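Q: I am new to this structure. Please give me the overall picture briefly, then take a close look at a single part and follow what surrounds it.

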Amino acid sequence: NELNFEVPDLNIGGGFGIRYTQADNPPKISDVLSLLMAAIESESLRIGINRPRIIIEPGRWLVGEAGITLYTVGAIKEIPNVRNYLSVDGGMGDNLRSALYNAKYHAMIGNKPELAATTLYTVAGKCCESGDIIIKDIMLPKADYGDVLVVFSTGAYHYSMSNNYNKLRRPAVVFTHNGQHRLVTKRETYEDLIKNDLG
């Protein structure tokens, strides 16, 4: 208002929370937006401008909980009185968030949904790095080689942040709906990894 110019659009961004773990209880987006809109209306009136058109970026809120990641248990390491490890066929290459800022996730063993969670595990990736931990502590049923670990709320960042650390191939992405499925991003091949090499 001091510059005699009104901004027609105001992008308030995103940051709308989702449920990563059972302990999370994010507010409803409608509740958050009601508070934000009330504050914007009040401030616009206070400084004497027309309320701008409000733009939001609810990307994570839209797709975060819609995505799951499936891993196969490749090894189990039990260290008495210390820790039980599940090693899976993924990790830092497809989920960098845990290594970067200790992101939390909930998971289950997909092929044992009826079994009680009786064992405390740490889920480790295959990169052999101290930071390659997908979930530090989680109660799961007794795991076996070949079990399918289902990690929830991975729709927003996993594939978008995936990388070729240690020449790992990026995983495939599959959309499912009402019992139907469609491959939308193919799994990378070793040929894909070297296609830009000039040799």
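A: The protein chain has a radius of gyration of 22 Å, where a compact globule of 199 residues would have one near 16 Å; this radius is taken over C-alpha atoms, and the globule rule is 2.2 Å times the number of residues to the power 0.38. This is a predicted model, in which local features need pLDDT of at least 70 and side-chain atom pairs count only at pLDDT 80 or more, while totals for chains, interfaces and linings use all residues. Residues are numbered from 1 along each chain as its sequence is written, and side-chain values use heavy atoms, with hydrogens and water left out.

Taken along the principal axes, the box filled by the C-alpha atoms is roughly 65 × 50 × 40 Å. The chain has four helices and ten strands, in the order β-α-β-α-β-β-α-β-β-β-β-β-β-α from the N terminus. Helices (H or I, at least four residues) and strands (E, at least two) are DSSP runs, numbered from the N terminus. Of the 199 residues, 30% count as buried; buried means under 20% relative accessible area, exposed over 50%, and partly exposed in between (1.4 Å probe, protein chains only). Among contacts with a separation of 6 or more, 66% are between residues 24 or more positions apart, a contact being heavy atoms within 4.5 Å.

The part chosen for the close look is strand β3, which covers residues 68-79. Three of its residues are described here, beginning with T69.

T69 counts as buried because its relative accessible area is 14%. Leaving aside residues up to four places away in sequence, T69 touches D94, L149, V150, V151, T154 and H158. With H158 there is also a polar contact, side chain to side chain, at 3.1 Å. A polar contact is a pair of N or O atoms within 3.5 Å; within protein, one must be able to donate a hydrogen and the other to accept it, and residues adjacent in sequence count only if both atoms are side-chain atoms.

Further along β3 comes K77. At 52% relative accessibility, K77 counts as exposed. Residues touched by K77, again not counting those up to four places away in sequence, are R83, N84 and Y85. K77 and Y121 are 44 residues apart in sequence, and their C-alpha atoms are 9.6 Å apart in space.

E78 also belongs to β3. With a relative accessible area of 44%, E78 is partly exposed. Beyond residues up to four places away in sequence, E78 touches R83, N84 and K142. The side chains of E78 and K142 are joined by a polar contact of 2.7 Å. By contrast, G199 is 121 residues from E78 in sequence and 44 Å away in space, C-alpha to C-alpha.

Two loop residues outside this strand complete the picture. S153 lies in the loop between β8 (148-152) and β9 (173-177). The phi angle of S153 is near 60 degrees, a positive value in a residue other than glycine. S153 counts as buried, with 6% relative accessibility. C128 also has phi near 60 degrees, and its place is in the loop between β6 (119-124) and β7 (133-140). C128 is exposed, at 74% relative accessible area.
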